[in-house]
Amino acid sequence: MDENLIDLQIQLTEQSRQLEDLSQEVIRLSKLVGKLEKQYTALQDSITENLVKPLSEETRPPHY
């Protein structure tokens, strides 16, 4: 009986450690996703700003 109890305690300790490791990984990935979302938004804004220019800013083709 004592051996079963010890085994259960060992399993509980291991599961608690794994849960803490997973929680830390979720936190790390959440921060990474936030950073990537900001970069994506900045990239989208940059593309949008550079994609459509007013006609006065457009460079004329060389044959003009």
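## Overall fold

The protein has 1 helix and 0 strands. Keep in mind as you look at it that this is a predicted model. The helix, H1, covers residues 2–51, and the features described below involve residues placed in it.

How much of the protein is buried? Buried residues account for 0% of its 64 residues. The accessible surface adds up to about 6,500 Å², and carbon and sulfur atoms contribute 59% of that area.

## Salt bridges around Arg17

Let's turn to the charged side chains. Side chains of opposite charge can pair when their charged atoms come close. In this model the count comes to 3 salt bridges.

Which partners does Arg17 have? One is Glu14, whose side chain meets that of Arg17 in a salt bridge with an N to O distance of 2.5 Å. The other is Asp21, paired with Arg17 at 2.6 Å, again N to O. Along the chain, Glu14 and Arg17 are 3 residues apart in helix H1, about one turn of the helix. Arg17 and Asp21 are 4 residues apart in H1, so about one helical turn separates them too.

How accessible are these side chains? Arg17 has a relative accessibility of 42% and therefore counts as partly exposed. Asp21, at 42%, is partly exposed as well, and so is Glu14, at 33%.

## A further pair: Arg28 and Glu25

Arg28 forms a salt bridge with Glu25, and their closest N and O atoms lie 2.6 Å apart. About one helical turn separates the two, because they sit 3 residues apart in helix H1. Arg28 is partly exposed, with a relative accessible area of 46%; Glu25 is partly exposed too, at 33%.

Which residues do shared salt-bridge partners join into one network? They are Glu14, Arg17 and Asp21.

## A nonpolar patch

There is also something to see among the leucines. Leu29, Leu32 and Leu36 make a nonpolar surface patch of about 240 Å². Leu32 is found in helix H1.

Is Leu32 buried, partly exposed or exposed? Its relative accessible area is 37%. Buried would mean under 20% and exposed would mean over 50%, so Leu32 is partly exposed. That value is also over the 30% needed for a residue to be part of a patch.

Definitions and conventions
Residues are numbered from 1 along each chain as its sequence is written. This is a predicted model: local features need pLDDT of at least 70, side-chain atom pairs count only at pLDDT 80 or more; totals for chains, interfaces and linings use all residues. Side-chain values use heavy atoms; hydrogens and water are left out. Patches are made of residues with over 30% relative accessible area and no salt bridge: like charges are joined within 9 Å, nonpolar side chains (Val, Leu, Ile, Met, Phe, Trp, Tyr) within 5 Å. Accessible areas come from the Shrake-Rupley method with a 1.4 Å probe; for residues, only the protein chains shown count as cover. A salt bridge is a side-chain nitrogen of Lys or Arg within 4 Å of a carboxyl oxygen of Asp or Glu. Buried means under 20% relative accessible area, exposed over 50%, partly exposed in between (1.4 Å probe, protein chains only).
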